[in-house]
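Visitor: Hey, got a minute? I'd like to go through a structure with you.
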Amino acid sequence: MYVLELSYTAPLHAVDAVLEEHVAWLDELYEQGVFLASGRKEPRDGGVIIAVAEDRARIEEVTAGDPFVRAGVCAYRVTEFVATKTAPALERYRETLRR
């Protein structure tokens, strides 16, 4: 599982100019089962996405395709974690620690 933290690198008017494309991109990745949750940060200086993928390379590919990245209005910080506990609705994403 991954936490994707977006930080805007351009003024909000530039972010808003690409927002519709970004939302369509989000919708596509929800349909693919890659994204589990997402939303704006408060204050509005970026966003957060919870994602699942087979490996970090796939996540790097996904984030590179974000219209925000292609337009140069955001940068990503990717944090991988092992979800050993989850809400019941996310049980299928639970993992066991490998030692």
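Guide: Sure, let's chat about the sheet, the helices and one histidine; just keep in mind that this is a predicted model.

Visitor: Okay, what order do the strands of the sheet come in?
Guide: The order is β2-β3-β1-β4, in an open sheet of four strands with antiparallel pairing.

Visitor: And which strands stand at the edges?
Guide: Those are β2 (35-40) and β4 (74-80). Each has a single partner strand, so one side of each is left without a neighbour in the sheet.

Visitor: By how many degrees are neighbouring strands turned against each other?
Guide: On average it's 15°, ignoring direction.

Visitor: How many bridges join β1 to β4?
Guide: Seven, and β1 (residues 2-8) runs antiparallel to β4. If you want a pair to look for, find L6, which has Y76 of β4 opposite.

Visitor: Got it. New topic: what does helix α1 pack on?
Guide: Helix α1, residues 12-31, packs on the sheet and touches β1, β2, β3 (46-51) and β4. Its direction makes about 165° with that of β2.

Visitor: What about helix α2, which strands does that one touch?
Guide: Helix α2 (residues 56-64) packs on the sheet too, touching β1, β2, β3 and β4. The angle between its direction and that of β4 is about 160°.

Visitor: And the histidine, where is H22?
Guide: H22 sits in helix α1.

Visitor: Is H22 buried or exposed?
Guide: Buried, because its relative accessible area is 7%, and buried means under 20%.

Visitor: So which residues does H22 touch?
Guide: Leaving out residues up to four places away in sequence, H22 touches L6, D66, P67, F68 and Y76. You've met two of those already: L6 and Y76 stand opposite each other.

How values were computed
Residues numbered from 1 in each chain as written. Predicted model: local features only at pLDDT ≥ 70, side-chain atom pairs only at ≥ 80, totals over all residues. Heavy atoms only, no water. Pairing = 2+ DSSP bridges. Helix = DSSP H or I, 4+ residues; strand = E, 2+ residues; numbered from the N terminus. Axes fitted to C-alpha atoms, helices over the stretch in contact; angles between N-to-C directions. Contact = heavy atoms within 4.5 Å. Buried < 20%, exposed > 50% of the residue type's maximum accessible area, 1.4 Å probe, protein only.
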